[in-house]
Structures are given as C-alpha cells and as structure tokens.
Amino acid sequence: MKITRVIKYNLIRLFRLKSGPHHVASGITIGFIPSWLPTFGLGPVLSVGLARLVKANTVSALVGGVLGTFIWPLLFFLNYKVGSLLLDRNIRVEEVEEVEYIDAVEHTYTGIVNSHSSGFTFLAGAMCNIVISSFLIYFMVYFMFKTHRVRILNKIR
C-alpha cells in the first residue's frame with residue numbers, strides 16, 4: 001500500500017470518530033506528550049495508556065503518539081534549547097543533526113540524579129515544552145474539529 005493512501009485512510013478514520021472535539025483534542029494532546037521524552041519507541045503505547053488513564057480518545061492519542069515519533073530529533077533539540085534558556089546554561093547541541101537518541105537517554109538519567117548536568121537542562125526544557133505544546137495542540141485541534149471537521153473530511157475523500 002502506498003504511504004499516501006495509508007495516511008489518507010488514517011486521517012479519514014480520525015475525522016470520522018464519533019467522539020466530540022474535546023475528547024479528540026485531549027487524545028491527540030495526551031498522545032503527543034511522550035514524544036518529548038526518550039521512550040525507546042514505546043511512545044505510541046504510552047500514549048494509549050495515558051489516554052485510557054485520563055479517559056481521552058485512544059485512537060486520537062495513538063495518532064498524536066505516532067506524529068511525535070517522526071519528529072523526535074527536533075523535539076529533543078527544542079528540549080535542550082529551551083532548557084538552556086530557562087537555566088541560563090550553555091549546551092553542546094547547536095544543530096538538530098547533533099541530537100543523538102542514546103545521549104538524550106543518558107542525559108535524562110543523569111538529569112534525574114544530578115541537577116548540574118545537561119540532563120537536567122533536557123528535562124527542564126521537556127517539562128516546559130510539554131506544557132506549552134499541550135495547550136497549543138489542544139486548542140488548535142479543538143478549534144479544527146469544532147469548526148472545520150466536515151469540510152476537511154470532504155476534502156480528504
């Protein structure tokens with residue numbers, strides 16, 4: 001199957017959900033949260049678990065988790081940048097290409113143990129980014145589903 005056909009099929013499934021805009025928006029928002037942290041590829045599974053925990057839509061949470069999986073280098077880069085701005089520290093990561101998954105995992109662990117490491121910078125940036133992105137994603141998806149759901153579904157077909 002072509003990738004465009006798979007994407008189109010999943011978008012149609014998402015826009016045909018019987019849930020209201022609040023449940024869909026909260027599902028995508030909850031689903032995107034694990035993408036900010038190194039989860040060893042378990043982000044979409046954690047997204048569904050978190051969605052069930054807070055009674056959000058699990059299908060939309062899975063979509064949010066999968067969306068975040070594709071852009072994790074950018075998200076980790078933003079974690080380092082925002083954390084360094086918050087804590088007024090210099091970091092070694094200057095470009096997205098310099099972000100390594102294994103280094104982020106190690107920095108996260110050392111950030112929990114030691115507050116003077118680059119891991120603490122990573123975690124501080126991640127927490128700030130989670131809060132900001134959650135508000136932005138929720139309101140954008142809620143507005144889109146509330147006002148443009150039928151129009152988007154008709155254009156996708």
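Which residues of α1 are buried? I would like to start there and work outwards, bearing in mind throughout that what we have in front of us is a predicted model.

In α1 the buried residues are I12, L14 and F15, and because they cover an arc of only 160° around the axis, they sit on the same side of α1. On the other side of this helix we find I3, R5 and Y9, which are exposed. The general background is that an α-helix has 3.6 residues a turn, so residues three or four places apart point the same way. The cover over the buried residues of α1 includes α2, α4 and α7. As for its geometry, α1 has 13 residues and reaches 18 Å from its first C-alpha to its last, close to the 18 Å expected at 1.5 Å a residue.

Let me now step back to the whole chain. There are 7 helices and 0 strands, and buried residues make up 41% of the 157 residues. If we take the contacts with a separation of 6 or more, 70% of them are accounted for by residues 24 or more positions apart. The chain exposes about 9700 Å², of which carbon and sulfur atoms supply 67%.

Next comes the interior. The largest nonpolar core has 22 residues, and the members that touch the most other members are L14, V24, I28, F122, V141 and F145. The elements that give two or more residues to this core are α1 (3-15), α2 (21-32), α5 (72-87) and α7 (118-156), with α7 giving the most, namely 9 residues. L14, then, appears both among the buried residues of α1 and among those core members with the most contacts to other members. To take one residue of the core in detail, V141 touches V24, A25 and I28, once residues up to four places away in sequence are set aside.

I turn to α5, which also contributes to the core. Its buried residues are L75, F76, F77, N79, Y80, V82, G83 and S84. Its 16 residues should span 22 Å at 1.5 Å a residue, and because the end C-alpha atoms are in fact 22 Å apart, the model agrees with that expectation. Just after α5, D88 takes a positive phi of about 55°.

That brings me to the backbone, where the general expectation is that most residues other than glycine have a negative phi. K55 is another residue to look at here, since its phi is near 60°, a positive value in a residue other than glycine. K55 lies in the loop between α3 (43-54) and α4 (58-70), and with a relative accessible area of 68%, over the 50% cut-off, it therefore counts as exposed.

Is N57, which is found in the loop between α3 and α4, buried or exposed? Its relative accessibility is 10%, which is under the 20% cut-off, and N57 therefore counts as buried. The side chain of N57 reaches the backbone nitrogen of V59 at 3.0 Å. Leaving aside neighbours within four places in sequence, N57 is in contact with L17, S19, H23, V24, G27 and A51. Among those partners is V24, which we met earlier as one of the core members touching the most others and as a residue touched by V141.

Key: Residues are numbered from 1 along each chain as its sequence is written. This is a predicted model: local features need pLDDT of at least 70, side-chain atom pairs count only at pLDDT 80 or more; totals for chains, interfaces and linings use all residues. Side-chain values use heavy atoms; hydrogens and water are left out. A nonpolar core is a set of buried Ala, Val, Leu, Ile, Met, Phe, Trp, Tyr and Cys residues joined through side-chain atoms within 4.5 Å. Buried means under 20% relative accessible area, exposed over 50%, partly exposed in between (1.4 Å probe, protein chains only). Helices (H or I, at least four residues) and strands (E, at least two) are DSSP runs, numbered from the N terminus. Contact means heavy atoms within 4.5 Å. Accessible areas come from the Shrake-Rupley method with a 1.4 Å probe; for residues, only the protein chains shown count as cover. The expected span of a helix is 1.5 Å times one less than its number of residues. The arc is that of the directions from the helix axis to the C-beta atoms. A polar contact is a pair of N or O atoms within 3.5 Å; within protein, one must be able to donate a hydrogen and the other to accept it, and residues adjacent in sequence count only if both atoms are side-chain atoms.
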